[in-house]
Amino acid sequence: VNHLDLVLAAQSHREGRALRSASFRHRRLVKRSIALVLWQLGAEPFTAAAIGWGCSPCDLHLRVAGEPRNRQLAFAALLELARWFNPVFEKAGADREMVARGKLAIERATDAPQVMVANRATVTMLERLGRRLAYLPLDGEWAADPALVRFGRHLQFLALHAAVPGQQLVVSMTDLLGDHWVTAQSAAERQSLAALDAFIDPPGRKHGFDAAAEAERASVGPVPEGDEDEHLEPLVSRFNEARAGVTDEASVAPLLRPIRTHFAPLVRRTWDLLWRTRARELTYSEAPSVERRWAEDREAYTRHLDWMANAGRRRTRQTARQAALTLRRLEDAQVVLEAEEACDDPVRMIPYLLDHKAVRGTVRGIDRGHRELATKRMVARPLLTLDSPDVCLMPPGKELYWSEASAGPSWIVHDLRPHGMGTLVVLKLETSTATAEIPDVGAEVCFSIHSARPSYVPVLRQEEPWTHKPQEDRHSGPIESGATGVENGGGA
Amino acid sequence: VTAAELSARLERIRAGAPRRSPNVRVLAAFAPNTGCGLAALGFAAGVDFDRLLVGTDFAAPFGQSPFAFERGNRFEKMLRENGHAKAHKLLQQVGFRREEGLTVNLRENYPRTKEGMKRRADVTRGVIQAILEARAGAPNLIDGAVLQTTIAGVRASFEADAIAARIAGVLRAGEVKSFPVVDGRTDPDKLAAALDQVAFYLLLLRRLVDELGYPLDRVSREALLITPKNVGLEPMISMQDVGRRIDRAERLLARVRDAAEVIDMVPNRMGFGVAGDSKQETDKRLDALHELADQVGTDYRPDCLSTCGNAFFCRERAFKVASPALIGPQAVRLLPCVRSLDRAAELAGGARPRDEEKPVAAQLVRAERLYAQAANATTGGEQRRAAR
């Protein structure tokens, strides 16, 4: 929360609708997103009771498990999704291009799939399903269908990748809206897609607050809310009585109808909400840096497919080295994301201007002839005088970057002078002009702390530098219970 | 005021509104809301806020899933079967020795009334005393203990879901929860709630041990947690340090306003009766609660939405006065001396600030101006970028 958020929240409260906190859309939305809607039973987070999927608003496939606490029934439902999902998800990886990485050249898919879900809770549910499916045995008495395991590993990848700031392979619609709209709501309330959407676009002449209060009563999934499960429970009991322990497709399918009827309107509601909010976001133009991040997403996706092709598995818990590198990667991605968004979008730059981490103004003059003594000889260090309408409270020596060339060299705050209501800021380029882009005199510019230069990536040794090490990969195995692993929980 | 007068007065304030049996879970959920007069009053009077406004638009959304209920019951029942055989076996992993004593189960054979609670509290006290004295044959596992303590000047009994065990002379508490633990990880919110409940239990145990005149280190500062491992119901036990949660619990309870003081703010005829009476007209019920809330004050924070049954009601009140608390505690901190969101919008629009509003007003005005400029400039900016 910063002062811009507060001003927008205050206005949002006064006007009864949301305000945009960005002038662009900072995430890609691909032509054919894979939309997934999930529902679980209360306190059964590792199994899906209902699943909706499809690639367009009018193409919703709905499958209910009937008794999701029964492993076979749960897996039968997931298998149907897996058989549809795997080819769609993998298709984009077929066409490859070569890109240079230093002296090496690597392959990168020219396209990538995008999975769209309602909220972060659905992403963590995908992660849990992935955990459950990815390590199922492929042989023996309880052999699972290979498509199911493959699906599980895709989900694992997606859930891991979803943690990368600014990534676009997994779109949590609630987070996407939350990143682009300010409403007079708390962070927790904004986690309900229905409530957030109602505040953004209140029906009729309603105040967003009232619209949201009404909308939040309906759940979006995957966790059932209110009395949903109370309505479902008798249906599941009757279903279990009718099937009398049988799990084969042919005998069970005709019994699913009442449960399907229970879930159909719930899933449909979230489904429509997803596509409607998506359509609204598509009307905003995409920010320029999205393309670069999409290329990174494609690279990660390609790596995953190649890893799968080599029968590579993932640990459920990373080694210390992996964890350190992952954390580093996520932090770097966050820094670059903030920089790119701020440099792309004047609205995103405002919090930094307010915080004196950026300064804007008109270029009054450029002194290319300024020279100063480096270690031995005099070198060119051009000076730029910026006429800022704001009071600038930066310390001399602060490093800044021109927001329209943020990958370029740094500028140093050389001198500050009050000038009318604003400030005259003299910036010194930290290199000679030979390679650097310099703004023209008279241009309106912004200098900020944001640099898009790639940061130093540390090289960590393979071996952890301590003597006491945990047991290797204790956890990567199936999580089904018991010797038979058939019935799990109730509903036998 | 004597204790009897106080409890009679509280009973009149509850005035037939739905009652909530006091247990440690309720206490843990109430504790963060101690700054709220209405919550303090309702807690002291034993009003069930989750059911108070049933039938109105502000009814609490906390329904329990029958599936969750069934799962929890199955899991707990399994641990209690055959004289707690499974629980014993798990506790042995952390040094429990079954042969050292008996298991006391207070969940059975006591009526669910005030009198029953009182008797259970007495038994609990006796058992703890015996354990502390290291009497031969003292019980070493208590299920369904009831602990008494004084909160806000009111003596109340709290039933614990957790089990307490004596391990090497130290009292330990363990909560039985049916959420799965996979790869040593679990739902962080549920885990935090479970640990808080154990922390409150341990705190009540510490108070009892202190009352009995024994050193506090006879009560552990670690929580035991019995959960299913992976997706089945196979139980496992884990341990977590909850020392800081106990300290926090203690701080929170110390902050609870004295019930007598809150009661003094309530005029004689007022109470929760009308609000909790689902036969009355909705408007009348809400008006009655508003009147009461105006008397004792509320303290809405977005966190209330997940813990307090009255949160929707209070949120509506906060909305009506455009309280910055609607956005969250950070917004309240960033708007010192600005009483409402409407005022913040006015200041941002250039209204003359009062002296104490001046520092924040300057920032708001700047933010507003920059936003307006950026919005105007965007189309131009896009063209500029295309030209480059």
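User: A salt bridge is a side-chain nitrogen of Lys or Arg within 4 Å of a carboxyl oxygen of Asp or Glu. How far apart are the closest N and O atoms of A:Glu291 and A:Arg28?

Analyst: This is a predicted model, where local features need pLDDT of at least 70, side-chain atom pairs count only at pLDDT 80 or more, and totals for chains, interfaces and linings use all residues. Residues are numbered from 1 along each chain as written, chains are lettered from A and ligands numbered from 1 in written order, and side-chain values use heavy atoms, without hydrogens or water. A:Glu291 and A:Arg28 form a salt bridge, with their closest N and O atoms separated by 2.7 Å.

User: How many residues separate A:Glu291 from A:Arg28?

Analyst: Helices (DSSP runs of H or I, at least four residues) and strands (runs of E, at least two) are numbered from the N terminus. A:Glu291 belongs to helix 11 of chain A, and A:Arg28 to the loop between strand 1 and strand 2. The pair thus links distant parts of the chain, with a separation of 263 residues.

User: Is A:Arg28 buried or exposed?

Analyst: Buried means under 20% relative accessible area, exposed over 50%, and partly exposed in between (1.4 Å probe, protein chains only). A:Glu291, at 39%, is partly exposed. A:Arg28 has 15% relative accessibility, so this residue counts as buried.

User: Which other glutamate meets the side chain of A:Arg28 in a salt bridge?

Analyst: The N to O distance in this bridge is 2.9 Å. The partner lies in the loop between helix 10 (257-282) and helix 11 (290-309) of chain A, 258 residues from A:Arg28. At 30% relative accessibility it counts as partly exposed. The residue is A:Glu286.

User: Is the pair of A:Trp53 and A:Trp84 stacked or tilted?

Analyst: Rings of Phe, Tyr and Trp (its six-membered ring) pair if their centres lie within 6.5 Å; planes under 30 degrees apart are stacked, over 60 edge-to-face, the rest tilted. The whole structure holds 12 aromatic pairs over all chains. Here the centres are 6.4 Å apart and the planes stand at 40°, so the pair is tilted.

User: Which residue of chain B forms an aromatic pair with A:Phe209?

Analyst: The pair is stacked, at 3.9 Å centre to centre and 5° between the planes. It crosses between chains, from helix 7 (residues 208-215) of chain A to helix 12 (residues 311-320) of chain B. A:Phe209 is buried at 5% relative accessibility, and its partner is buried at 11%. That partner is B:Phe319.

User: How much area do chain B and chain A bury between them?

Analyst: Contact (heavy atoms within 4.5 Å) takes 57 residues from chain B and 68 from chain A. Buried area is the accessible area (1.4 Å probe) that two parts lose on being put together, summed over both. Of the total, 60% is on carbon and sulfur atoms. The area is about 5500 Å².

User: Which residue of chain A meets B:Arg71 in a salt bridge?

Analyst: There are 7 salt bridges between chain B and chain A. In this one, the N to O distance is 3.3 Å. The partner of B:Arg71 is A:Glu44.

User: How far is A:Arg20 from the ring centre of A:Tyr284?

Analyst: A charge sits over a ring if NZ of Lys or CZ of Arg is within 6 Å of the ring centre and within 35 degrees of the ring normal. A:Arg20 also lies over the face of A:Trp181, at 5.0 Å from that ring centre. Over A:Tyr284, the charged end of A:Arg20 sits at 3.5 Å.
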